[in-house]
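Reader: I'd love a close look at one surface spot here, then a walk outwards to whatever else is worth seeing. Keep it loose, but give me the cut-offs.

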Amino acid sequence: MSPAIGSDEPRPSVAAATSGASLALDLLAASRDKPGRPGAGVRDLLARAGVAGAEAEAVVESVRESQLRGARLRRRANELEALFSTARELVRLQDVDEVLGRLVERAHQLMGTDVTYLSEVENARGDLRVRHSVGTVTPGFRDLAVPAGVGLASLVAGTREPAWVARYETMTEVGHDDRIDAAVRAEGLVSFLGVPLAVGDEVLGALFACNRFGYDYTPDDVLLLSAFADHAAAVLHTARALAERAAAVVRAEEAYRDLERHLAATELASGIHEELTSAAMSGGTVVDLVVTLSQRLGRRVWALDDQARLLDGGGELPSRPVLRDAVGRSQLSGHAELVEARGHRWLVVAIVGADRVLGSIVAEAGSGPDDSVLRRALERAAQVAALVSFKRDAVIALRAERRARWLLAVVDGADDLSADVEPSLRAMTPGACAVVDVLERDVADAAFVAAGAVGENGVVARRDHRVIVAWSVADPVAETERLRRLLADRLHESALTAVVCTGLGGWAEVGPAVERATADLRFLLPLGIEAATVPSDSLAPYHALTSGEPTAVIRFVDELLGPILDWDERRGTALFDTLAGYFDDGESRHAVARRLRIHPNTVQQRLDRIRSLLVGDWDDSEYRFRVQAAARLERLRRSLRDVHSTS
């Protein structure tokens with residue numbers, strides 16, 4: 001306590017008090033010059049104040065502790081200010097790269113190291129890559145990738161604990177990598193301190209402070225860098241959460257759009273299916289289905305038969321081999337197949353029956369990605385078309401079978417032709433018939449195809465391995481050849497042969513004509529004639545020569561020479577004798593004149609009359625051969641008759 005007034009104890013003078021206060025102020029000023037390292041300035045002040053020895057050393061130590069405490073407080077204040085600034089930026093997080101860059105810069109400033117950098121885990125394996133750095137001088141280090149399991153970064157990420165090395169080249173805790181070691185040497189780095197960027201159980205990366213000299217990092221260094229690492233981890237975690245949320249929003253929007261498209265596509269496909277089904281139930285054809293499909297889809301669609309030929313209309317399509325290949329793939333897959341050719345794209349779907357392809361549907365696919373709506377619509381249309389084809393085939397088969405029975409009855413010469421057959425068939429006057437030899441192929445399938453090809457122009461039946469057709473067409477030979485080619489394609493047999501008989505006058509002549517055409521086919525086989533349509537008339541001379549029918553010769557002669565024989569009988573002329581002699585004498589008028597003892601001019605007049613009576617081209621060698629053969633047969637018949645009459 002203070003001495004009492006009037007006491008005998010001496011009291012310090014004012015001058016002494018003033019001197020002590022001045023000394024304290026001087027010591028405080030001197031302590032700020034070199035924090036933690038008080039020197040001669042403090043000691044000089046103490047000496048002038050008369051303080052020496054142990055007392056002076058105690059004062060110096062107190063000044064030193066004061067300096068260190070003040071420096072630590074100032075550094076702590078700076079650290080807290082930097083962390084608060086980072087926290088404020090984290091709250092206002094806008095640009096992740098910008099925030100992380102500032103964070104690394106502040107850590108670099110406060111740590112006082114040569115290089116500070118942040119590595120981020122970039123994949124599920126745990127590989128890391130430098131994302132931000134301050135103080136680096138080599139470009140390779142700024143984007144350095146560290147594979148999982150090597151380097152100090154992998155050790156920090158794997159253990160989730162801080163790690164440091166005073167000298168990198170002596171590190172043995174984890175394996176080295178030549179490429180990483182080369183980058184470290186190029187950057188000149190020696191000592192490293194790394195702390196993990198972790199949130200919960202997930203490690204997002206590592207934050208490093210490095211020096212280009214050997215250095216033992218202190219706990220304060222670890223704590224400060226770890227504080228920045230925690231902020232960096234929060235930034236990365238928040239950024240990833242925001243990115244995942246944004247991605248989830250995008251996925252949700254895309255899913256919603258996909259759902260809208262799916263619902264629209266389902267509604268469109270359902271509407272198309274209803275229309276196609278309605279068209280099928282009302283008796284529509286495959287072509288009708290294609291027209292409906294084209295209108296609803298807003299693009300061109302075609303229907304093809306089983307040989308990849310257009311059923312109706314036209315358009316630019318791939319070649320038939322390409323289409324057939326696509327139809328085959330569609331038959332196997334059960335789906336529409338994409339075809340690309342000449343810069344165009346088509347979708348092709350097969351119309352599949354029980355055991356074969358009935359046809360196909362082709363649609364423009366456009367230049368963009370495949371349209372799932374178009375694919376589903378085509379595949380449904382193919383299913384409906386198959387049902388339509390089944391229905392059509394059943395009707396055609398039933399009608400064709402009924403008509404075939406009637407034709408076979410006609411061919412066999414049945415007395416009762418009162419079978420149930422449509423009046424249009426009875427009213428038809430067949431002008432031709434054809435017989436097609438299908439060899440060992442499926443004659444039932446061939447007859448079905450032929451019935452569809454002949455349509456209302458005739459009637460088709462099958463017998464043994466042959467298809468019989470009686471019809472009324474403008475060009476029977478050309479139509480028979482078309483039918484033969486169609487059957488050859490369908491049966492995959494190019495050697496099919498057909499014979500056609502023309503000039504028929506009605507159903508009564510169909511039976512003999514079919515018999516004659518059948519005989520012609522047997523005649524052609526030994527001759528090696530195949531893959532052709534042969535008119536029966538071209539074989540007429542051989543009918544007479546090879547037929548076992550008694551009247552064949554008479555019919556052949558009468559068909560060719562009937563007008564001449566009738567003329568001679570009515571007028572008593574000798575046109576036939578002149579014609580026969582003309583051929584016998586090498587077609588020499590003078591030789592005939594001498595034989596018949598008439599003038600050559602008379603021979604010429606008779607020959608002119610013969611040419612006018614015969615129906616044919618006299619300059620055609622085949623026709624001349626037939627006339628000559630008929631003349632010889634008639635002469636043979638007369639000679640045999642004369643011999644028989646005189647015996």
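In which helix is Tyr256 found?

Author: Tyr256 is found in helix 8, residues 219-281 (helices are DSSP runs of H or I with at least four residues, strands are E runs of at least two, both numbered from the N terminus). This is a predicted model, with local features needing pLDDT of at least 70, side-chain atom pairs counted only at pLDDT 80 or more, and totals for chains, interfaces and linings using all residues. Residues are numbered from 1 along each chain as its sequence is written, and side-chain values use heavy atoms, leaving out hydrogens and water.

Tyr256 counts as exposed because its relative accessibility is 52% (exposed is over 50%, buried under 20%, partly exposed in between, with a 1.4 Å probe and protein chains only). Together with Leu259 and Leu263, Tyr256 forms a nonpolar surface patch, and the three have about 330 Å² of accessible area between them. A patch takes residues with over 30% relative accessible area and no salt bridge, joining nonpolar side chains (Val, Leu, Ile, Met, Phe, Trp, Tyr) within 5 Å and like charges within 9 Å; areas are Shrake-Rupley with a 1.4 Å probe, only the protein chains shown counting as cover for residues.

For a buried counterpart, go to Ser119 in strand 1, residues 115-121. Ser119 counts as buried because its relative accessibility is 1%. Leaving aside neighbours within four places in sequence, the contacts of Ser119 are Leu128, Arg129, Val130, Arg131, Leu204, Gly205 and Ala206 (contact means heavy atoms within 4.5 Å). Arg129 turns up again in a salt-bridge network that links it with Glu122 and Asp143.

On that topic, the whole structure has 20 salt bridges (a side-chain nitrogen of Lys or Arg within 4 Å of a carboxyl oxygen of Asp or Glu). Asp412 and Arg463 make one of them, with their closest N and O atoms 2.7 Å apart. Asp412 sits in the loop between helix 11 (372-411) and helix 12 (423-427), while Arg463 belongs to strand 12 (458-463), so this pair ties together distant parts of the chain, 51 residues apart. Arg463 counts as partly exposed, because its relative accessibility is 29%.

Stay with strand 12 for a moment. Over 6 bridges, strand 12 pairs in the antiparallel sense with strand 13, residues 466-471 (pairing needs at least two DSSP bridges between two strands). One bridge joins Ala461 to Ile468 in strand 13. The two strands form a hairpin with 2 residues between them. Asp464 is in that turn, and its phi is near 55°, a positive value in a residue other than glycine. Asp464 counts as exposed because its relative accessible area is 58%.

His492 also has a positive phi of about 55° without being a glycine. You'll find His492 in the loop between helix 14 and strand 14, and at 65% relative accessibility it counts as exposed. Glu493 is in that loop between helix 14 (476-491) and strand 14 (497-502) as well, and its partner Arg441 is in the loop between strand 11 (432-437) and helix 13 (443-454), 52 residues apart. Glu493 and Arg441 meet in a salt bridge, 3.1 Å from N to O. Glu493 is buried at 17% relative accessible area, whereas Arg441 is partly exposed at 37%. Helix 14 has a salt bridge of its own, Glu481 to Arg485, with the closest N and O atoms 2.8 Å apart. Those two are 4 residues apart in the helix, so about one helical turn separates them.

Last stop: the largest nonpolar core, which has 27 residues (buried Ala, Val, Leu, Ile, Met, Phe, Trp, Tyr and Cys joined through side-chain atoms within 4.5 Å). Leu561, Ile564, Leu579, Ile610, Leu614, Trp618 and Val627 touch the most other members. Helix 17 (552-571), helix 18 (575-584), helix 19 (589-596), helix 20 (600-613) and helix 21 (621-646) each supply at least two of the core residues, with the largest share, 7 residues, coming from helix 17. Past its neighbours within four places in sequence, Leu561 is in contact with Phe576, Leu579, Leu614, Val627, Ala630, Ala631 and Glu634. In helix 19 the buried residues are Ala591, Val592 and Ala593, and they pack against helix 18 and helix 20. Just after helix 19 comes Arg597, with a positive phi of about 60°.
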